Every structure is written in C-alpha cells, then in structure tokens.
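Got the viewer open? Let's take a walk through this one together, one selection at a time.

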Amino acid sequence: EKTFNCQTYTDYKPLLERTDLDLVVNSTPSHLHVPVTELFLKKGFNVLCEKPLAKNVQEVDRLIAASRESGSVFAIFQQSRFSAYFRKVKQVIDSGALGRIVQISIAFNGFARRWDWQCIQRFNGGNLRNTGPHPLDQALQLFGGDDMPEVFCRMDRANTFGDAEDYVKLIMTGKDHPLIDLEISSCCTYPCFTYNVQGTCGGMKGSMEEMEWRYIVPAECPPQKLIYEPLETADGLPAYCGETLTWHEGHWKVSDDVDSAESFGTFANMTARYYQMLHRTLAEGAPLEVTPQQIRRQIAVIEECHRQNPLSVWA
C-alpha cells in the first residue's frame, strides 16, 4: 500500500465481489492454482495463473470449461517462451540451417539443496512442477505438433529435504519429431549448457546469455558415394573416411541483442513480452500465443512422468 498507493487484502475472497478488475493474477502457492483460478473464472474474471497450472489433465479441463462457460480469458504465465535465448534457438532451428533436427538436449541444472514448501508433494512441489514448466514449455514448442509424445522419465530425490523429486531425466520421442532430452537436476556440479541442438547439417549450443552454432551447406560439400570395399590410402594402407567441409558459424550474446532490450535483465524482458502479448489479447482481442490447450499437453507429460515414478509421500 505504501509503495504503490493501492488497496491490499489479507484474503482473495473479497476480490470476487469486485466488478472493476480487468485481470486477476493467481500467484498463490501451487496447490491452490486450480481452485482459486476456477472460482474467479466462474465469476467471469479474466485470469492469469502462475505455473504449474495443475496436477493433472482433468483439472486443466475443468479450468478450460469454466473459461468457455463464462467467456473469460484464461492465460497461464509461461514467460520463458518469450526469453531472448529461446527465441534465438527457435529462430536458428526454423531457418533450416541446421538441417533436420535429430536431438535437442535441454538442461536446467545446478547443485542446490531445498527445504521450503516447493519441495513437498502435497503442495505440488518438486523440480518437474516447479522449474520444469519453463523448459518443458520450450521443449514442446520445439517438439512440434500437438500430439502427445512418447515419454520416458526417471526421477530421484538427491539433495532435497522434502518428499518431492529434485532430479528429473525426461526423454520425449515421436514419429517425425526430434528427440527431446530434458534434465532438471539439483545434483549437477558441472552444468555445461542450457541447449545443445544436433541436426543433420550442424548444431547449436549455449546458455541463456550466449549461443553459438555451426553448419554446413550440402551443396558446398564434396560429392561422395557409398563404397563397399575397404578404403585404402594411395600406398595401400587402411584408411578412414575423411573430407574437408566448409563450416559456417554464428554467434549470439544476449548483451548484444538490441531486439531483446535486455537492459532490464533476462527475467524482466521475457515477463514484459508476455504481458505485452496478454495486453493485445485483453485490449484488442488478439488470440493468446500461450494457450490453455498447449499447457494441457505439458500437464499430460508431467502427469505421465509422475505415473512412471510413484514417490512415497511423507512430508
């Protein structure tokens, strides 16, 4: 109240009686996202809900239904899709320079111990639901389509004081899709990249601050044909395939990215971009770029990961 000269409440329920609110932002603890969002949607409020949106697909469907019935805008705060580094990764991949993408490795890793409510299962805690929605939203955008990927997941409790996981290895595959290898680990002492992209013509790697990529142009490569006989050198010695390829290189730093206006910092920039998108929806009727249906698939993947890794509940 002192800083912003605004009204404050000790409980969200009185807000339900107001008629002058353009948007309600639900940033309650994770296990309250569904019930609180549903209350406001049913009362006709436009709602932006924090991640993780829900525990399972059934809960997501309830929220989508409430939004449709009331005609309210229902948005989910997945601001990492608007981060400068992810936009650069997507731009390079979409350019086709790397060829067909075979594998995308994403690592949101570090070494940390945690003992707050976000490491407790009954509060919808754990690395996959807490940190995971950010890289998983990006991963599903790069996976492409809207079909459910095949999911393999392994979880572990390493350095956490709670009963939720703090190590996640998630692999997603599908016909005509790249393989996605996602790690969210709290026991990685040597994190070495955020993204590592492998394509038929080149690759890309880097962090949230800096990216580099190399690629070949097939038309510039020496012509080759399959040879069935063992290769030999000119003097008859065994040989191995070898050729000289012309490599093209690219480099990007977030500090040099004028378009990203990163003077406010990575988090502030992607948050501003998200809210600009949401403003276009609320003020101009533009479609949401991050839709509840897209997040529904994310929750379906998370739900499958937990199905494969039932952890004992004790906290």
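What follows is a series of stops, going from the whole protein down to single residues.

**Stop 1: the whole thing**

Before you zoom in, keep in mind that this is a predicted model. Show the C-alpha trace of the protein and look along its principal axes: the spans are about 90 × 45 × 35 Å. Switch to cartoon and you have seven helices and 11 strands to find your way around. Of the 315 residues, 45% are buried. Now turn on the surface: the accessible area comes to about 17300 Å², and carbon and sulfur atoms hold 52% of that. If you like contact maps, note that among contacts with a separation of 6 or more, 71% are between residues 24 or more positions apart.

**Stop 2: the three-stranded sheet**

Select 24–26, 47–49 and 74–76; these are E1, E2 and E3. They make an open sheet in the order E1-E2-E3, and the pairing is parallel. E1 and E3 sit at the edges with a single partner strand each, so one side of each has no neighbour in the sheet. On average, neighbouring strands here are turned by 20 degrees against each other, direction ignored.

Zoom in on E1 and E2, which are held in parallel pairing by three bridges. Which residue of E2 stands opposite Asn26? Show Cys49 and you have found it.

Next add residues 33–42, helix H1, which packs on this sheet and touches E1, E2 and E3. The direction of H1 makes about 170 degrees with that of E2.

**Stop 3: helix H2**

Select 57–70. This is H2, with 14 residues; from first C-alpha to last it reaches 20 Å, close to the 20 Å expected at 1.5 Å a residue. Show sticks for Val57, Glu59, Val60, Leu63, Ile64, Ala66 and Ser67, which are buried in H2. What do the buried residues of H2 pack against? Bring up H1, E3 and helix H7 (292–308) to see their packing partners.

**Stop 4: the eight-stranded sheet**

Now pan to the other sheet. Eight strands form an open sheet with mixed pairing, in the order E5-E6-E7-E4-E8-E9-E10-E11. E5 and E11 stand at the edges; each has a single partner strand, so one side of each is left without a neighbour in the sheet. The twist from one strand to the next averages 10 degrees.

Start at the E5 end. Select 150–156 (E5) and 167–173 (E6): they run antiparallel and are joined by seven bridges. Two pairs to label: Glu150 opposite Thr173 in E6, and Phe152, whose bridge partner in E6 is Ile171.

Move along to E7, residues 179–185, which pairs with E6 in the antiparallel sense over six bridges. Leu170 stands opposite Leu182 in E7. Then look at the turn: the hairpin of E6 and E7 has five residues between the strands, and Asp176 has a positive phi there, near 65 degrees.

**Stop 5: helices on the sheet**

Select 84–95 for helix H3. H3 lies across E4, E8, E9, E10 and E11, and runs at about 5 degrees to E8. Helix H5 packs on the sheet too, touching E4, E6, E7 and E8, with its direction at about 15 degrees to that of E6.

Stay with H3 for a moment. It has 12 residues and reaches 16 Å end to end between C-alphas, close to the 16 Å expected at 1.5 Å a residue. Its buried residues are Ala84, Tyr85, Phe86, Lys88, Val89, Val92 and Ile93. Their cover includes E4 (101–107), H5 (133–143), E8 (195–199), E9 (202–206), E10 (210–215) and E11 (248–253). After the helix comes Gly96, with a positive phi near 85 degrees.

**Stop 6: the core**

Which residues have the most contacts inside the largest nonpolar core? Select Leu53, Ile104, Leu170, Met172, Tyr195, Val197 and Tyr274, in a core of 66 residues. The largest share of this core, six residues, comes from H3.

Finish by centring on Val197. Leaving aside neighbours within four places in sequence, its contacts are Val89, Ile93, Leu98, Ile101, Gln103, Ile104, Gly202, Gly203 and Met204. Val89 and Ile93 should look familiar: they are among the buried residues of H3.

Notes:
Residues are numbered from 1 along each chain as its sequence is written. This is a predicted model: local features need pLDDT of at least 70, side-chain atom pairs count only at pLDDT 80 or more; totals for chains, interfaces and linings use all residues. Side-chain values use heavy atoms; hydrogens and water are left out. Two strands pair if DSSP finds at least two bridges between them. Helices (H or I, at least four residues) and strands (E, at least two) are DSSP runs, numbered from the N terminus. Axes are lines fitted to C-alpha atoms, for helices over the stretch in contact, and angles run from 0 to 180 degrees between N-to-C directions. Contact means heavy atoms within 4.5 Å. A nonpolar core is a set of buried Ala, Val, Leu, Ile, Met, Phe, Trp, Tyr and Cys residues joined through side-chain atoms within 4.5 Å. Buried means under 20% relative accessible area, exposed over 50%, partly exposed in between (1.4 Å probe, protein chains only). The expected span of a helix is 1.5 Å times one less than its number of residues. Accessible areas come from the Shrake-Rupley method with a 1.4 Å probe; for residues, only the protein chains shown count as cover.
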